[in-house]
Amino acid sequence: MFVGHLALGFAAKRVTPRASLAVLFAAAQLADILWPVFIAVGIEQVRIAPGITAFTALDFVSYPYSHSLVFLIGWGVAFGVLYRQLTGDRAALAVMAALVVSHWVLDVLTHRPDMPVYPGGSTFGLGLWNSIPATLIVELVLYAAGLWVYVRATEARDRIGRWGFIALAIFLVVVYLASIGAAPSSIPGIYIPALAGVILLTVWSWWADRHRAPRRSV
Ligand SMILES: [Zn+2]
């Protein structure tokens, strides 16, 4: 799942208006930020297996540290505590932790039964990725709903806040649609674009969000 995670990041702006969208995205996507790093250093494994699901060619052989439920709870608490320490925003701790853990729930929806509860424990997955139309419906509906909440909770302060944000919202869908069925030719061909994407998404969402303000009426 990709834009479905971002949907929750967008929607969380409603409850934590002081938090940058970049931080909310990072929380919802933390598992997928850690994953390319762990693949690069070799503590988690992925295989390229075209056709393993209709939506993705990746076979997630082992990813207990980035994607098990128990580790995500730990990462979530750590992320929330760190955020609170850095910003003094006490109310945000639970929201950040919930966003990090939500990644597991949403990934269970789309993945094959490869999502571990804890390292070496039983794995779950409902396999939505076996159907491209079903994946698109679920994820794009989630995305539209998240975007709607964000747009209602904030307003543009200037043209960057309007057009930089609209461009970001469209760009994410384009990248998502372009990724369908893509089969990278090498393992670095997976984690290098993934990490570059994280940097781009962080900078762009921080920039666009800075030029928007919480709506007073909400
Ligand atoms: Zn994931």
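## Exercises: a zinc site and a pocket

In this predicted model, the zinc ion is held at 2.1 to 2.3 Å by Asp32 (OD), His67 (NE2), His103 (NE2) and Asp107 (OD); donors are N, O and S atoms within 2.8 Å of the metal (3.2 Å for Na, K and Ca), and water is not among the atoms, so sites may look incomplete. Residues are numbered from 1 along each chain as its sequence is written. Local features need pLDDT of at least 70, side-chain atom pairs count only at pLDDT 80 or more, totals for chains, interfaces and linings use all residues, and side-chain values use heavy atoms, with hydrogens and water left out.

**Exercise 1.** Work out why the arrangement of the four donor atoms around the zinc ion is irregular.

*Step 1.* The angles subtended by the four donor atoms run from 82 to 173°.

*Step 2.* Four donors are tetrahedral if all angles lie between 85 and 135 degrees; four are square planar and six octahedral if opposite donors are over 155 degrees apart and all others between 65 and 115; anything else is irregular.

*Step 3.* The angles of 82 to 173° therefore make the arrangement irregular.

**Exercise 2.** Decide whether His103 is buried or exposed, and do likewise for Asp32.

*Step 1.* Buried means under 20% relative accessible area, exposed over 50%, partly exposed in between (1.4 Å probe, protein chains only).

*Step 2.* His103, at 0%, is buried, while Asp32, at 21%, is partly exposed.

**Exercise 3.** Read the spacing of the zinc donor residues in sequence.

*Step 1.* The pattern is D-x34-H-x35-H-x3-D.
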